[in-house]
Amino acid sequence: MIFNLLYKELRLAAHPNLYTFTLLGALVIVPAYPYGMVFLFGCLAPYLTFMYGRETNDIYYTALLPVKKRDTVKAKCLLMILAQMTQLLISLPFAVLRVHVLPNGNPAGIEANVAYYGFGLMIYAIFNVILLTQFFKTAYKVDMAFLLAIIPAAIAVIIMEVIVHFPRFEWLDSVLPAIMFRQLPILAVGIILYIIGMMFAYQVSAKRFEQVDL
């Protein structure tokens, strides 16, 4: 049942820009570009989909189907996870390629390295938890939910981009294999926070949505 709902999300509920912004993981090959923007695009895409769903009465339509409210929330969560993880997977070959074609580094901010992906997962977790839990209070007011979610996510992106310019944290900007090995704990923390964050967001959002009178 849940896979049928996810299929419905992909075919009917997803805004076309969800797929466009997912492909923007390739931006890590662009020279002198703040790669944190990739994660902001990964946050903007679900917002556009939620807003699109509001205008097309997607939540109301899904509620008329013989499915539990919790499954509706789960399908939305899985759609966000699928889009964001696909964006990261698309970016990986370009991140490897840029080391060879642009060996002089990224003067605009952090390199697309192990720490970058760890921070990115943390940024996604912050955004997803706030957006989902706030949206499913009403299953309608997506604009306020997005505003509350994007501000801390954007602040986290700015910190990630700026911190590597300080000598003490230059190791976060390295693409040397030995240094990236040192960055692995950041990636591990990012993975853990993302998983825990999505589980928390689902549980809270499902509980709140069950109280919503459509």
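Leaving aside neighbours within four places in sequence, which residues is Ser-205 in contact with? In this predicted model, the partners of Ser-205 are Val-73, Leu-132, Thr-133 and Phe-136. Ser-205 itself belongs to helix H9, which covers residues 184-210. Its relative accessibility is 0%, so Ser-205 counts as buried.

A second polar side chain to visit is Thr-72, found in helix H5, which runs over residues 69-101. Thr-72 has a relative accessible area of 3% and is therefore buried, the cut-off being under 20%. Once residues up to four places away in sequence are set aside, Thr-72 touches Leu-5, Ile-59, Thr-62, Val-67 and Phe-209. One of these contacts, Phe-209, lies within the residue range of helix H9, 184-210.

Turning to helix H2, which spans residues 16-22, we come to Leu-18. Leu-18 is likewise assigned as buried, because its relative accessible area of 4% is under 20%. Its contacts, not counting residues up to four places away in sequence, are Ala-45, Pro-46, Thr-49, Leu-79 and Ala-83. Two of the residues named there, Leu-79 and Ala-83, fall within the 69-101 range of helix H5. A longer span is given by the pair Leu-18 and Leu-187: 169 residues separate them along the chain, and their C-alpha atoms are 25 Å apart.

The cysteines deserve a brief look as well. A disulfide is a covalent bond between the sulfur atoms of two cysteines. How many disulfides does the structure hold? The count is 0. Cys-43 takes part in no disulfide, and the nearest cysteine sulfur to its own, that of Cys-77, is 14 Å away. Seen from the other side, the sulfur of Cys-77 has its closest cysteine sulfur in Cys-43, and the 14 Å between them is too far for a bond, since a disulfide requires sulfur atoms within 2.5 Å. Cys-43 is buried, with a relative accessible area of 0%, and Cys-77 is buried too, at 4%.

The surface offers a contrasting picture. Met-144, Leu-147, Leu-148, Ile-151, Ile-155 and Ile-159 together make a nonpolar patch of about 550 Å². Among them, Ile-155 sits in helix H7, made up of residues 142-163. Is Ile-155 buried, partly exposed or exposed? With a relative accessible area of 46%, Ile-155 is partly exposed, because this value lies between the 20% and 50% limits.

Key: Residues are numbered from 1 along each chain as its sequence is written. This is a predicted model: local features need pLDDT of at least 70, side-chain atom pairs count only at pLDDT 80 or more; totals for chains, interfaces and linings use all residues. Side-chain values use heavy atoms; hydrogens and water are left out. Helices (H or I, at least four residues) and strands (E, at least two) are DSSP runs, numbered from the N terminus. Buried means under 20% relative accessible area, exposed over 50%, partly exposed in between (1.4 Å probe, protein chains only). Contact means heavy atoms within 4.5 Å. Patches are made of residues with over 30% relative accessible area and no salt bridge: like charges are joined within 9 Å, nonpolar side chains (Val, Leu, Ile, Met, Phe, Trp, Tyr) within 5 Å. Accessible areas come from the Shrake-Rupley method with a 1.4 Å probe; for residues, only the protein chains shown count as cover. A salt bridge is a side-chain nitrogen of Lys or Arg within 4 Å of a carboxyl oxygen of Asp or Glu.
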